[in-house]
Amino acid sequence: MEERLAIFGGKPVRDAFLPYGRQYIDEDDIKAVVDTLRSDYVTCGPKIDEFENLVSEFVGAKYAVAVSSGTAALHAACFAAGIKAGDEVITTPMTFAASANCILYMGGKPVFADIETNTYNINPEEIERKITSETKAIIPVDFTGQPVNLDAIKRIAEKNGLMVIEDAAHALGAEYKGNKIGSISDMTIFSFHPVKHITTGEGGIITTDSAELFEKLRMFRTHGITRDSGKMIENDGAWYYEMLELGFNYRITDIQAALGISQMKKIGKFLERRIEIAERYNKELSKLEELVMPFQDINCRSAWHLYVLKLKLDRLKAGRKEVFDALRAENIGVNVHYIPVYYHPYYKKLGYEKGLCPNAEKLYDEIITLPLHPSMNNTDADDVIDAVRKVLEYYVK
Ligand SMILES: *Cc1c(COP(=O)(O)O)cnc(C)c1O
């Protein structure tokens, strides 16, 4: 072990920077994309249906609608849920801004409910506390890939007539009490951004068992337009279509769907590799007294999108910033997930203030995300472990 931290001019644990997340693309993926470029369709062709069928079968849902991003999926789900101006929707602050922005897109009001201190997921009791006569939906987030308490959330939703839109951008392949995430909530959204479990470059999908929601999602993806004569008010002829809703162009392309199909063939391997790396971290890092390990609910199977460590700051001479900077100097691409959504200036302008969700705010000061993705080898993982040990040994009280 080096005597000095790289931040003070010592030799870093790694020569090359290791990012916290990245895509895994192989020759089959490249061939799938190229074959599509040579085909008749580059968008809105057969690959989209095939991709949707693969994902809906994998998660065990009746329907899936693929769109241009996870954010578009959240927007479409809020539209299908009928969120209107003035409606309140409850979500967690410990997430990417898109989980709350989608409520604003519909003119609704994001209401933040605080998190549990062990899972870091939204606390069902806090959801109940935030329900008013204006509440229409709940957007829980399976933070890091660890499923939320879906039994409790569904019970609250049923009791209060609320729709559940599960943001499972971290949780493709996760399981809750033996059922795959994507088969449980009214609607579940996934993201195919390159750091997520599979990628289509940009892309997202909504899964649901409801034929009615499925129809709304499909229409929203294409400008709110229908060509189904059963739904049209008039029908002037074979060329005719009608715009019934104010939708968007949120379509995904056949090129992207072809990549998605090829990636889905590897989802089992991707998940396995993420679990292996997480277990390697668990085994070694749990020996360090300065850390709180990621919580694992025995009723669930995490999809391990993120590996989030909590620092016991009272045992350290330095704060999270020093530990973070020192790990970066060792060429470990640590990150922080997340800045509480309402800390962002846009939300502050809307009137949200610090103090709203104390558990999320405290957690934000203590967390660091370690690199975790399927293209990491064991040496990469061991470098991360060595760097964490080195930095904590340096800063321990
Ligand atoms: C990645 C992510 C999104 C947004 O997905 P995009 O595909 O990047 O639009 C939404 N919610 C969460 C929790 C995410 O991690």
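Me: How much area do domain 1 and domain 2 bury between them?
Reply: Happy to start there, with the reminder that this is a predicted model. The domain assignment gives domain 1 as 2-21 + 267-395 and domain 2 as 27-264, and their C-alpha centres lie 28 Å apart. The contact takes 38 residues from domain 1 and 40 residues from domain 2. Carbon and sulfur atoms carry 65% of the buried area, and the total comes to about 3400 Å².

Me: Which three residues supply 20% of the area that domain 1 buries against domain 2?
Reply: Good one to check in the viewer. No other three residues of domain 1 supply more of the area buried against domain 2. One of them, Tyr 338, is found in the loop between helix 10 (320-329) and helix 11. The full trio is Ile 267, His 305 and Tyr 338.

Me: How many residue pairs are in polar contact across the interface of domain 1 and domain 2?
Reply: Salt bridges do not add to the picture, as their count between domain 1 and domain 2 is zero. Polar contacts do occur across this interface, with both residues at pLDDT 80 or more, and the number of pairs is 18.

Me: Which element gives the largest share of the side of domain 1 that touches domain 2?
Reply: The elements giving two or more residues to that side are helix 9 (267-285), strand 13 (300-301), strand 14 (307-311), helix 11 (345-349) and helix 12 (358-364). The residues of this side divide into 27 nonpolar, seven polar and four charged. The largest share is five residues, and it comes from helix 12.

Me: Which residue has a polar side-chain atom 3.0 Å from an oxygen atom of the ligand?
Reply: Let's look around the ligand, where Gly 70, Thr 71, Asp 167, Ser 191 and Lys 196 come nearest of the 16 residues. For Thr 71, a side-chain N or O atom is 2.5 Å from a ligand oxygen, and for Ser 191 the distance from a polar side-chain atom to a ligand oxygen is 2.7 Å. The residue at 3.0 Å is Lys 196.

Me: Which residue other than glycine has a phi near 55°?
Reply: Most residues other than glycine have a negative phi. The residue you want sits in the loop between helix 1 (27-37) and helix 2 (46-59). With its positive phi, it is Cys 44.

Me: Is the peptide bond from His 337 to Tyr 338 cis or trans?
Reply: Most peptide bonds are trans. Here omega is near 0°, and the bond from His 337 to Tyr 338 is cis.

Methods
Residues numbered from 1 in each chain as written. Predicted model: local features only at pLDDT ≥ 70, side-chain atom pairs only at ≥ 80, totals over all residues. Heavy atoms only, no water. Domains from an automatic or database assignment. Contact = heavy atoms within 4.5 Å. Buried area = accessible area lost by both parts, 1.4 Å probe. Salt bridge = Lys/Arg side-chain N within 4 Å of Asp/Glu carboxyl O. Polar contact = N/O pair within 3.5 Å; in protein donor to acceptor, adjacent residues only side chain to side chain. Helix = DSSP H or I, 4+ residues; strand = E, 2+ residues; numbered from the N terminus. Nonpolar A, V, L, I, M, F, W, Y, C, P; charged D, E, K, R; others polar. Near = heavy atom within 4 Å.
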